[in-house]
Amino acid sequence: MGEGTPLGEVELAALRGGLAPSTNTARDLAATAQTPCPRRRALAVVGARTEDAAARLPGPAAPSGQSPFAITVGTRFEEILRRDGAARLREALERAVPVELGELELIDLDARHPWRPGVPRPETAAARRSATDALVAACLRGEAEADRLVLHPRLALTVTDTARDVEPDALLCLRAGRGAQPELLLVEIKAFVDHGHRTDTHDLASTRLQLAVYALAVRQQLARLELEPQPMREAVVVLRAPGSMVGSASLEEVHRDVSRLERALARAPATLSEVLATLPEGAALDDSATLSALPVRYRPHYCLASCAMALQCRAGVEEAASPEYYGSPTREVFAAIGDLRRAHGLVTGSEASETEEERELVARLGVLRRRIDDARRRCS
Ligand code: SF4
């Protein structure tokens, strides 16, 4: 693999080894956008399922992100919204979209270009991408004869020099959006319940970040097709109305999430070669030795909420008595020592300080320890 050479499908598959490809790359990319962890990023870039990688590492496995029940409800909700020419989805969109929706032409790319056994996936993927390109170009060039609701459009996205595809749930192509200009609106369907201002903010935030990934893909698509950039400041999120399978749609601002994602990606390695430069030749990520060789940056707040490998990584830093186990600010306080067993020995006086940093830390923590000892004596 040459330095700076983008990887093709075959090379990505070789790097994944036996790991299954991630089925929702946008969600994975959104989750990894903020991570400083090379292991997590390498898996995201080659499009491998983090859960599969976690299963190969020794140690306890974290429960995977969504419960089977949540997955079933999600699939059923989307199926109901798409039934009868997407009647329920249209109803929900009419209430949320800021312009009057005329007669919407429904274009279901699952029906036009289904994934068929025997037909190579890249062939179907390419057909779906070019159909999406044609629909978007027709809308923005004013050549479409109707407003369109495109189900499962497929967009190419290049991140860390590697191309992959992402599929939003839907894309509205409006001939006369706001300002009477052609407008694209991304649509994401989620089965969690819309409780108005009490809706789970964490779920909404991760949905917005996922939409930001799609917005970035649309930007790249428009640049590739030499079309005018679109602001993509907002997108439609369709949730479940309480106690029903009816869609409750609202317009969500995503422009801050797009900026956040762009900043995170700008800080990330520019090429996968950079990420994998530390690996032996021919290494594959389904080998636990390869995974273990990649450095981790354990951050409890992020890892426990977002990564299937969290329990293994936590066990690793615990075993090493690393201050990273507790996250910030413990990590910063003990950075000069890096080993909590040694820090304990220094502060309790069973070990002697050897460096200036250690002496400084002992001086700082010694005051704290004396206060705690005094407090204990007063309370006992
Ligand atoms: S849990 Fe481990 S692999 Fe996942 S992001 Fe955290 S440190 Fe990286």
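Here is a walk through this predicted model, from the whole chain down to the residues around its ligand.

Let's start with the big picture. The chain has 380 residues, and 34% of them count as buried. Along the principal axes, its C-alpha atoms fill a box of roughly 80 × 55 × 40 Å. If you trace the backbone, you'll come across 16 helices and eight strands.

How do parts of the chain meet? Take the contacts between residues at least 6 apart in sequence: 64% of these join residues at least 24 apart.

Now zoom in on helix α3, which covers residues 38-45. Is this helix mostly covered or mostly open? It's mostly covered, with seven of its eight residues buried. Those buried residues are R39, R40, R41, A42, L43, A44 and V45, so have a look at them in the structure. In an α-helix there are 3.6 residues a turn, so residues three or four places apart point the same way. Just after α3 you'll find G47, which takes a positive phi of about 70°.

Helix α3 also brings us to the ligand. Which residues sit around the ligand? They are T35, C37, R39, R40, V296, R297, Y298, C303, C307, M309, A310 and C313. Two elements, α3 and α13 (310-319), each give two or more residues to this shell. You've already met R39 and R40 among the buried residues of α3, and both turn up again here around the ligand.

What classes of residue make up the shell around the ligand? Eight are nonpolar, one is polar and three are charged.

Note on methods
Residues numbered from 1 in each chain as written. Predicted model: local features only at pLDDT ≥ 70, side-chain atom pairs only at ≥ 80, totals over all residues. Helix = DSSP H or I, 4+ residues; strand = E, 2+ residues; numbered from the N terminus. Buried ≥ 20, exposed ≤ 12 C-beta atoms within 10 Å, placed from the backbone. Contact = placed C-beta atoms within 7 Å. Near = placed C-beta within 6 Å. Nonpolar A, V, L, I, M, F, W, Y, C, P; charged D, E, K, R; others polar.
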